[in-house]
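Visitor: I would like to see how the labels used for this structure are justified. Please set each value against its cut-off.

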Amino acid sequence: MISVIIPSYNEEKIEENISEVAAVLEKNGILYEIIIIDDGSDRNIKYDNILKKEKNIRIIYLSRNFGKESALCAGLDNAAGDCAVCMDADLQHPPELIPQMYSLYKKCGYDIVEGAKSDLGKRNAGYAFLSGIFYRLIKILTGKDINRNSDFRLIGKKPLSSIREMKECNLFFREITDWVGFSRVRIYFDTQERTGGTSKWTPKKLFSLAVSAITLYTSFPLYIPLITSIIFLFTALFSGIFNIISEHHSYTPLLFFLSSVLLLCTGITAIYTEKIYREVLRRPRYIIKEIKGNAEK
C-alpha cells in the first residue's frame, strides 16, 4: 500500500483536490491511503465531506500550527503504507506522476523518487530574488544545488524507517531525505497553477525556513568568526605598516567594518545556540489533537 501525505493549512479547495488524487490512484489500481494533516487551520475547512465522499482517508488534526516540516513528519510517523508520497494540497505537484513514482520504486527498486521542477513557475520579482540568494548560499556552503528540488517525493520502506528514527526537533524535510542516502532517481514535472487560494508562506515563515535550511545543511557559518579573525589579523598588520609610512590615516571606516563583522559573527553563533537550546528541551515536533478517518491501518 502507498500512503499519500498531504499537509493542509487553510486550503479552501482541499475537497476537490483530494478527489483528484484519489481518482488517479484508483484509475491505476494502486492500493492507497490518503493522510491529510491539518496544521492548525483557523478556518472552517470541510473535511467531513471528504470522509463521506472518499474512502481510505485519514485526517490528522494538530493542536496548533507547527509548520509544514512538522506536519510532514506527523504524516510519515503515522503512515501505514510500505512507501509514502509527500505532496502539496494545492495540486502544484501533479498527482498524475504518482503512478510513475510508484513504478520506479516497485519495479526498478529505487528507494527514493524525487520530484524536481522543470520550471520554477510564476513568482513575483521580490520572491524570485530572495529565493535566488538562498539557493546560491546553499550551493556555496554545501556544494548542493537544490534550486529545483521540491517536497514532492516518494520515500520507500527503508528510508522511511530511518527518517522515523530521527528525533531532532529542528528539521528541514528535503535535508533529512537527502541525508539518509539510499538509491534514488529524479523525475521532472511542470509546476502547476494553484487550484485556489493564495500561498500561506509569509515573508517571516520563508525567512525562518531559509535560516533553518542553511544551519541544518551545514555548520560552515560557525567557521566565519575564525576566518574573519585571520583576515583582520593581516588587515591590522598592513594597516599598522601603512600608518607608519603615511601621515594621513583614519581608523573610522575600519572600525565600522570590524563592528559589523563582529555583530554578524555573534548573530550566527546565536542562531546555532538557539537550535541547540531547542534540541535540549526535547519537545515533540507536533501534538496530535484528533484523528478521524475511514482508512483501516
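Visitor: What makes α3 count as mostly covered?

Guide: In this predicted model, nine of the ten residues of α3 are buried, that is, under 20% relative accessible area with a 1.4 Å probe and protein chains only, where over 50% is exposed and in between is partly exposed. The buried residues of α3 are K68, E69, S70, A71, L72, C73, A74, G75 and L76. The helix label itself comes from a DSSP run (H or I, at least four residues), while a strand is an E run of at least two, both numbered from the N terminus.

Visitor: What conventions apply to the numbering and to the atoms used?

Guide: Residues count from 1 along each chain as its sequence is written, and side-chain values use heavy atoms, without hydrogens and water. As the model is predicted, local features need pLDDT of at least 70 and side-chain atom pairs count only at pLDDT 80 or more, whereas totals for chains, interfaces and linings use all residues.

Visitor: Why is the contact between D151 and K68 called a salt bridge?

Guide: The N to O distance between the side chains of D151 and K68 is 3.0 Å. The definition asks for a side-chain nitrogen of Lys or Arg within 4 Å of a carboxyl oxygen of Asp or Glu, so the pair qualifies. D151 lies in strand β6 (residues 149-155) and K68 in helix α3 (residues 68-77), 83 residues apart, so the pair links distant parts of the chain. D151 has 6% relative accessibility and therefore counts as buried. K68 has a relative accessible area of 19% and is therefore buried too.

Visitor: What is the burial class of E114, and what is that of R186?

Guide: E114 has a relative accessible area of 7%, so E114 is buried. R186, at 33% relative accessibility, therefore counts as partly exposed. The side chains of E114 and R186 meet in a salt bridge, with 3.8 Å from N to O. E114 sits in strand β5 (residues 112-117) and R186 in strand β7 (residues 184-189), distant parts of the chain 72 residues apart.

Visitor: Which residues make up a network of salt bridges?

Guide: E114, R153, D178, R184 and R186 are linked in this way. One of the structure's eight salt bridges joins the side chains of R153 and D178 at 3.8 Å, N to O. That pair also connects distant parts of the chain: R153 is in strand β6 and D178 in helix α7 (residues 173-179), 25 residues apart. R153 and D178 are both buried.

Visitor: How do you know which strands are at the edges of the sheet?

Guide: The open sheet has eight strands in the order β7-β5-β6-β4-β1-β2-β3-β8, with mixed pairing. β7 and β8 (288-293) each pair on one side only, which makes them the edge strands. Pairing requires at least two DSSP bridges between two strands. Six bridges join the parallel strands β5 and β7, and V113 stands opposite V185 in β7. Strand β4 (residues 83-86) and β6 pair in the antiparallel sense over three bridges, with A84 opposite I155 in β6.

Visitor: How do the faces of β7 differ in cover, and which residues of β1 are buried?

Guide: V185, I187 and F189 form the covered face of β7, while R184, R186 and Y188 form the uncovered one. In strand β1 (residues 2-8), seven of seven residues are buried: I2, V4, I6 and S8 point one way, and S3, I5 and P7 the other. β1 runs parallel to strand β2 (residues 32-38), joined by seven bridges, and S8 has D38 in β2 as its bridge partner.

Visitor: What makes a space in this structure a cavity, and how many reach 30 Å³?

Guide: One cavity of 30 Å³ or more is found; on a 1 Å grid over the protein atoms alone, a cavity is a set of points where a 1.4 Å probe fits but cannot get out. The largest cavity has a volume of about 30 Å³, which means the space filled by probe spheres set on the points, joined across faces, edges and corners. Its lining residues, each with an atom within 4 Å of a point, are I6, I14, N17, I18, V21, M87, D88, A89 and L91. Helix α1 (residues 14-27) gives the most to this lining, with four residues.

Conventions. On a 1 Å grid over the protein atoms alone, a cavity is a set of points where a 1.4 Å probe fits but cannot get out, and a pocket is an open set with protein on both sides within 12 Å along at least five of seven lines; lining residues have an atom within 4 Å of a point.
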